[in-house]
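User: I am new to this structure and would like a guided look at it. Could you show it to me?

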Amino acid sequence: MKKPKFSSYVIILAVFGFVLLLQITGAFNWLDNKTYDSRMKATASTIHASDEIAVVFIDRESLDWASSELGWGWPWPRKAYGDMVDFFSQGEAASVAFDFTYTETSVYGQEDDNSFAKSCAEYGKVVQTVFYSAKDDYSTPLLPVSVLTQSAGVIANTNSFLDSDGCSRRQLLSAPSELQEPTLAIGSLKISGKKTDFDDVPAAKNGGMYVRYIKDINDFIPYSAMEILQSKYAIEKGEEPILEPENFEDMMVFVGANAPGLFDICTTPVSSSYQGMGVHLNQANTILEEAYLYDTPLLLQMLLILVITIFAHFFANSLSKSSSRLFTIKICLLLFFVILYIFICYIAFIFKLIMPVAAPVAAYLICFLVTFIKTYFKEGKMKKFLKLAFKQYLSPAVIESLINNPDSLKLGGEKREITAFFSDIQNFTTISETLEPEQLTEVLNTYLTAMSDIILELGGTIDKYEGDAIIAFWNAPLYQEDHGKLALEAAIKCQQKLEEMQSELFEKTGKSIKQRIGLNSGNAVVGNLGSKNRFDYTMIGDSVNLASRLEGMNKFFGTYTMCSEETMNLAVSHGCQLKFRLLGNVAVVGKKSAVKVYQPMTAEQFEANKEIFQKYENGLAEFVKGDFKKARNYFEEISEDAAAQSLIRYIDDYKKKAPEDWNGIIKATEK
């Protein structure tokens, strides 16, 4: 066996140390959390809801029944909860926990509290809750009113333990407060006697225990509060009840609300809109079913990363010795090994082991890339590699610059300010349905070639094609100070070229072809993967997503080219001669903050429509102030303007909703 070169040890140890540092410092936390969520969601069906847990919901049907039959408004009299306690006590339930806080005297009077407290005291196994005004501040507890505190079997905490992204993956056993209250689940387990010692519960690496979630809270045995109360009152009258109290013998009962507006929503690995009480139900279920999750020990993680790094290095080394056919096979194997490892992580999750995903995969890909680049670029192969890899994505001038200055190409991901470009053909699906596959291919090739030539001519990098869509960006891999200007000029030239091609495309499709373009500038992560025949750059980040959303926002305004204020400012600061028309202040789907959007155009187009744009600007100013009547008058004067017509429709639709919080921001409802 050939002895490894010194450079092999350097690469392996460097990649191993780098990835390990990232792992220890938490750089992979976001990815690990997302893969954890994916595994939890994929395996949720393998976890069964314990038949020792029953859930009673105050649902819409219960509220309507109580209102019509008993004259109860919301909140209900606390005697209702006392009646539930009496019912469960009669059936010898193991415990009853209320996911409500009773920090103030009942609106029905002190006697109402006394009635509820009497039932709780006689039963002796009721779990009441403490309330904290801030989830991270456990210094000032708000306890239930004194009679309910005194009559409770245990006081529990209902706060969910959230990770930095607001997701509840773990839950504490008790609150980090002076009172040290158990969680709702732990309090119920203790007072029911089902589990009193929790030393065997495995701890999560960042505190608490991992909660194993079932897919839906309704997988627990669900009952309606109406059914419980109707059964209670039927027994009192000597009638046949809907439910027998004995049905709840030795069961832990949790009472909460799921009528719209009465319950809190929590983000969990299986859903972004999981009912808050579900966190406590799943914690109790995890313990009852012993469905615990265990972290992979750190030493084992380190060994795993090292082994994968070594394998990636020698696998990448073997590529340079492969024929073109074997090379393709091995590239497929590269992806196969990544998929195989991720699959193993999912299988391990079913068997309660949380294997790291991000760090081993990162080590594998980084080591593979570093090794492959080193072996392939040596002995004068760098120029050949760059030309082959980039010829379809970069202009010849950019390729030549890379060859002359290869250090300007940084392999791997890096943060860079870029201008992103997204374009799409209007109603392309409708157009494609009328064409034969050969015709459709010819039309697409004609269109994409013309647009791509312009993008490459102006120094852009084409990320990918998605059907009729073109995704490109500027300022990577090479630095381009005027990237905003170049991208905008490319967009306008693309529109002009498409206009010139109308007769040719109409002859082939029988329809007018229009394209929408969205541009935005900002920081993004730009990364790449390399091989002998292909080298793809990819951009990731909020700024990229915004560019995509702006392409779609053209539909709202009836425009075909749109850019953000950031792109406009960058372009103007570098001498861009284009003109810009303010369209409005927009909050796109998925973003809370608003951004000003503009329609770029040539100076000739701007001058030809100057009066229209001035009236639109006047109307927009009144629109932002909330004077819709004045705004509408301005917009109606320029009814030929698509953007003005769009804001008229928006005003009419918005006024129907009787708004109270107008802030001048147009909120998009579609991507």
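Analyst: The following exchange goes from the overall chain to salt bridges, then to a helix and some strands. This is a predicted model, in which local features need pLDDT of at least 70 and side-chain atom pairs count only at pLDDT 80 or more, while totals for chains, interfaces and linings use all residues. Residues are numbered from 1 along each chain as its sequence is written, and side-chain values use heavy atoms, with hydrogens and water left out.

User: How many helices and strands are there in the protein chain?

Analyst: The protein chain has 24 helices and 22 strands. Both are DSSP runs numbered from the N terminus, helices being H or I with at least four residues and strands E with at least two.

User: What share of the residues is buried?

Analyst: Of the 671 residues in the protein chain, 52% are buried. Buried means under 20% relative accessible area, exposed means over 50%, and partly exposed lies in between, with a 1.4 Å probe and protein chains only.

User: And what about contacts between residues at least 6 apart in sequence?

Analyst: Among those contacts, 74% join residues at least 24 apart. A contact means heavy atoms within 4.5 Å.

User: Let us turn to charges. How many salt bridges does the structure hold?

Analyst: It holds 24 salt bridges. The term covers a side-chain nitrogen of Lys or Arg within 4 Å of a carboxyl oxygen of Asp or Glu.

User: Which residue forms a salt bridge with Asp 83?

Analyst: The partner is Lys 79, and the closest N and O atoms are 2.9 Å apart. Both residues belong to helix H4 (residues 79-90), where they are four residues apart, about one turn of the helix. Asp 83 is buried at a relative accessible area of 6%, whereas Lys 79 is partly exposed at 40%.

User: Why would a spacing of four places suit such a pair?

Analyst: An α-helix has 3.6 residues a turn, so residues three or four places apart point the same way.

User: Where do Glu 122 and Lys 118 lie?

Analyst: They lie in helix H5 (residues 110-123), four residues apart. Their salt bridge brings the closest N and O atoms to 2.6 Å, and both residues are exposed.

User: What joins Glu 236 and Lys 232?

Analyst: Their side chains meet in a salt bridge of 3.1 Å, N to O. The two residues are in helix H8 (residues 225-236), again four residues apart. Glu 236 is exposed, with 53% relative accessible area, but Lys 232 is buried, with 13%. Elsewhere, salt bridges that share partners join Lys 34, Asp 37, Asp 163, Asp 165, Arg 169 and Arg 170 into one network.

User: Staying with H8, what covers its buried residues?

Analyst: The cover includes strand S1 (53-58), helix H3 (60-70), H4 and strand S8 (221-224). Among the buried residues of H8 are Met 226, Ile 228, Leu 229 and Tyr 233. Just after H8, Gly 238 has a positive phi of about 80°.

User: Now the strands. Which residues of S16 are buried?

Analyst: Six of the six residues of strand S16 (residues 469-474) are buried, so the strand is largely enclosed by the rest of the structure. One side carries Ala 469, Ile 471 and Phe 473, and the other carries Ile 470, Ala 472 and Trp 474.

User: How many bridges join S14 to S16?

Analyst: Strand S14 (residues 414-425) and S16 run antiparallel and are joined by five bridges. Two strands count as paired if DSSP finds at least two bridges between them. Ala 420 in this region stands opposite Phe 473 in S16. Strand S15 (residues 461-466) is also antiparallel to S16, over five bridges. The hairpin of S15 and S16 has two residues between the strands, and Gly 467 there takes a positive phi near 65°.

User: One last residue: is Asn 520 buried or exposed?

Analyst: Asn 520 is buried, with a relative accessible area of 5%, and lies in strand S17 (residues 515-530). A polar contact of 2.5 Å links its side chain to that of Ser 564. Such a contact is a pair of N or O atoms within 3.5 Å; within protein, one must be able to donate a hydrogen and the other to accept it, and residues adjacent in sequence count only if both atoms are side-chain atoms.
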